[in-house]
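Let's take a walk through a protein model together, one stop at a time. Keep the sequence and the 3D view open while you read.

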Amino acid sequence: PRSTPLYSSAASDVYKRQFQGALHAVLQATSYEEGVRLAILAGGCNCSRAVQVGCLLGAIHGEEKIPTKWIEATHSAAEIQSIMGKLSNKLASQAA
């Protein structure tokens with residue numbers, strides 16, 4: 001159970017630090033895998049930080065930099081890739 005309400009200033013400080021930690025991992029990493037590992041090894045709320053790092057590094061470097069073994073181990077990888085393809089197509093059509 002959460003002891004601090006989501007709307008409190010203490011919770012806001014926690015989320016700011018989480019994002020700062022994610023940015024630090026992104027800036028220090030030399031690869032997608034290293035960035036996610038740095039986020040996990042930092043401790044604390046490493047799950048949400050690793051998600052942020054993975055999203056940022058994926059946007060920066062592209063899907064091809066995600067380790068194949070990680071994609072293969074993801075049970076819903078095909079569904080995620082399908083959704084990303086649709087999103088990419090939609091964004092491309094809006095930009096045109």
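## Five helices and what sits between them

Start with the overall layout: the protein chain has five helices and zero strands. If you read along the sequence, you get the pattern α-α-α-α-α. Keep in mind that this is a predicted model.

How much of the chain is buried? Of the 96 residues in the protein chain, 21% are buried. Now think about contacts between residues at least 6 apart in sequence: 48% of them join residues at least 24 apart.

Our first stop is Q18, which you'll find in helix α1, the stretch covering residues 9-28. Is Q18 buried or exposed? Its relative accessible area is 10%, and buried means under 20%, so Q18 counts as buried. Which residues does Q18 touch, once you skip those up to four places away in sequence? The answer is C45, S48, R49 and Q52. With two of these, Q18 makes polar contacts through its side chain: one of 3.4 Å to the side chain of S48, and one of 3.1 Å to the side chain of R49.

One of the residues touched by Q18 is C45, and that brings us to the cysteines. A disulfide is a covalent bond between the sulfur atoms of two cysteines. Why does C45 have no such bond here? The closest cysteine sulfur to that of C45 belongs to C47, and at 6.8 Å it is too far for a bond. To count as a disulfide, the two sulfur atoms would have to be within 2.5 Å. Across the model, the count of disulfides comes to zero. As for how open these spots are, C45 is partly exposed, with a relative accessibility of 42%. Another cysteine, C55, has 52%, and the cut-off for exposed is over 50%, so C55 counts as exposed.

Next, hop over to helix α2, where A39 sits. The relative accessibility of A39 is 0%, so this residue counts as buried. What surrounds A39? Leaving aside neighbours within four places in sequence, A39 is in contact with A25, N46, R49, A50 and V53. You've met R49 already, as a polar partner of Q18. You can also look from A39 towards V26: the two are 13 residues apart along the chain, and their C-alpha atoms are separated by 8.7 Å.

Helix α2 also holds R37. Compare how the two residues fare: A39 is buried at 0%, whereas R37 is partly exposed at 41% relative accessibility. From R37, trace a path to G54, which is 17 residues away in sequence and 9.8 Å away in space, C-alpha to C-alpha.

G54 is a good place to turn to the empty space in the model. Rolling a probe the size of a water molecule over the atoms shows where empty space is left. The largest pocket has a volume of about 600 Å³. It is lined by 19 residues, and those closest to its centre are Y32, G54, I66, I71 and I80.

Which helix gives the most to this lining? That would be α3, with six residues. At least two residues each come from α2 (32-41), α3 (46-61), α4 (68-72) and α5 (77-95). Sorted by class, the lining of the largest pocket has 13 nonpolar, five polar and one charged residues.

For a last stop, find E63 in the loop between α3 and α4. With a relative accessibility of 45%, E63 counts as partly exposed. Setting aside its neighbours within four places in sequence, E63 is in contact with G58, I71 and Q81. I71 should ring a bell, being among the residues closest to the centre of the largest pocket. So should Y32, from that list as well: E63 and Y32 are 31 residues apart in sequence, yet 9.6 Å apart in space, C-alpha to C-alpha.

Technical notes:
Residues are numbered from 1 along each chain as its sequence is written. This is a predicted model: local features need pLDDT of at least 70, side-chain atom pairs count only at pLDDT 80 or more; totals for chains, interfaces and linings use all residues. Side-chain values use heavy atoms; hydrogens and water are left out. Helices (H or I, at least four residues) and strands (E, at least two) are DSSP runs, numbered from the N terminus. Buried means under 20% relative accessible area, exposed over 50%, partly exposed in between (1.4 Å probe, protein chains only). A polar contact is a pair of N or O atoms within 3.5 Å; within protein, one must be able to donate a hydrogen and the other to accept it, and residues adjacent in sequence count only if both atoms are side-chain atoms. Contact means heavy atoms within 4.5 Å. On a 1 Å grid over the protein atoms alone, a cavity is a set of points where a 1.4 Å probe fits but cannot get out, and a pocket is an open set with protein on both sides within 12 Å along at least five of seven lines; lining residues have an atom within 4 Å of a point. Grid points are joined across faces, edges and corners, and a volume is the space filled by probe spheres set on the points. Ala, Val, Leu, Ile, Met, Phe, Trp, Tyr, Cys and Pro count as nonpolar, Asp, Glu, Lys and Arg as charged, and the others, Gly among them, as polar.
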